[in-house]
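Reader: I would like the reasoning behind the labels in this model. Take me through them one by one.

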Amino acid sequence: MPGDVLHSPLQARYPELSPRFDVDKDASAKTRRSFLERYCDTRTLCCTAHFPSPSIGRVARWEDGFRCESVEP
């Protein structure tokens, strides 16, 4: 589960985007990209708690970023 790794679908597409409250923007971007790379194109379901419903999906590559493809429960 990504928990607070992703706060917006935009961060999947552009993992370098960090919210204002991130203390270490470089580390958070690196962690985000690492998470997305690890689960990209696998069957792993991710619960993206901060995304609009449905917020359960799988990570897929999208050009140089990623997207979370929704899966109906």
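**Labels and their reasons**

Author: Start with aspartate 24, which sits in the loop between α1 and α2. Keep in mind that the model is predicted.

Reader: Why is aspartate 24 called partly exposed?

Author: Its relative accessibility is 45%. Buried means under 20% and exposed means over 50%. The value for aspartate 24 falls in between, so the residue counts as partly exposed.

Reader: How far is aspartate 24 from leucine 45?

Author: Their C-alpha atoms are separated by 27 Å. Along the chain the two are 21 residues apart.

Reader: Now the helix. How do you know that the length of α2 agrees with its residue count?

Author: α2 has 15 residues. The rise is 1.5 Å a residue, applied to one less than the number of residues. That gives an expected span of 21 Å. The end C-alpha atoms are 21 Å apart, so the two values agree.

Reader: Which residues of α2 are buried?

Author: Ser28, Ala29, Arg32, Phe35 and Leu36. Down the axis of α2, the buried residues fall within an arc of 130 degrees, so they line one face of the helix.

Reader: What do the buried residues of α2 pack against?

Author: They pack against α1, residues 9–13, and against β1, β2 and β3. The face turned away from the buried side carries Asp26, Lys30 and Arg38, which are exposed.

Reader: What makes phenylalanine 35 buried?

Author: Its relative accessibility is 13%. The cut-off is under 20%, so phenylalanine 35 counts as buried.

Reader: And why is tyrosine 39 called partly exposed?

Author: Tyrosine 39 has a relative accessible area of 21%. Buried would need a value under 20%, and exposed a value over 50%. Tyrosine 39 meets neither condition, so it is partly exposed.

Reader: How many aromatic pairs does a search of the whole structure find?

Author: It finds 1. The partners are phenylalanine 35 and tyrosine 39, with ring centres 5.0 Å apart and 50 degrees between the planes.

Reader: What makes that pair tilted?

Author: First the distance: centres must lie within 6.5 Å, and these are at 5.0 Å. Then the angle: under 30 degrees is stacked, over 60 is edge-to-face, and the rest is tilted. At 50 degrees, the pair is therefore tilted.

Reader: Where do phenylalanine 35 and tyrosine 39 lie?

Author: Both are in helix α2, residues 25–39. They are 4 residues apart, about one turn of the helix.

Reader: What follows α2 in the chain?

Author: Just after α2 comes aspartate 41, with a positive phi of about 60 degrees. Aspartate 41 belongs to the loop between α2 and β1. Its relative accessible area is 58%, over the 50% limit, so aspartate 41 is exposed.

Reader: Turn to the strands. In what order do they form the sheet?

Author: The order is β1-β2-β3, in an open sheet of 3 strands with antiparallel pairing.

Reader: Why are β1 and β3 called edge strands?

Author: Each pairs on one side only. β1 covers 46–47 and β3 covers 65–70.

Reader: How do you know that β1 and β2 pair?

Author: 2 bridges join them, and they run antiparallel. Pairing needs at least two bridges, so β1 and β2 qualify. Cysteine 46 stands opposite glycine 57 in β2.

Reader: How many bridges join β2 to β3?

Author: There are 6, between antiparallel strands; β2 spans residues 56–62. Arginine 58 has glutamate 69 in β3 as its bridge partner. Alanine 60 is matched with arginine 67 in β3. Tryptophan 62 stands opposite glycine 65 in β3.

Reader: What lies over the face of tryptophan 62?

Author: Arginine 13, at 4.7 Å from the ring centre. The distance limit is 6 Å, so that value passes.

Reader: What do β2 and β3 form together?

Author: A hairpin, with 2 residues between the strands. In the turn, glutamate 63 has a positive phi of about 55 degrees, although glutamate 63 is not a glycine.

Reader: Is glutamate 63 buried or exposed?

Author: Its relative accessible area is 62%. The limit is over 50%, so glutamate 63 is exposed.

Methods: Residues are numbered from 1 along each chain as its sequence is written. This is a predicted model: local features need pLDDT of at least 70, side-chain atom pairs count only at pLDDT 80 or more; totals for chains, interfaces and linings use all residues. Side-chain values use heavy atoms; hydrogens and water are left out. Rings of Phe, Tyr and Trp (its six-membered ring) pair if their centres lie within 6.5 Å; planes under 30 degrees apart count as stacked, over 60 as edge-to-face and the rest as tilted. Buried means under 20% relative accessible area, exposed over 50%, partly exposed in between (1.4 Å probe, protein chains only). A charge sits over a ring if NZ of Lys or CZ of Arg is within 6 Å of the ring centre and within 35 degrees of the ring normal. The arc is that of the directions from the helix axis to the C-beta atoms. Contact means heavy atoms within 4.5 Å.
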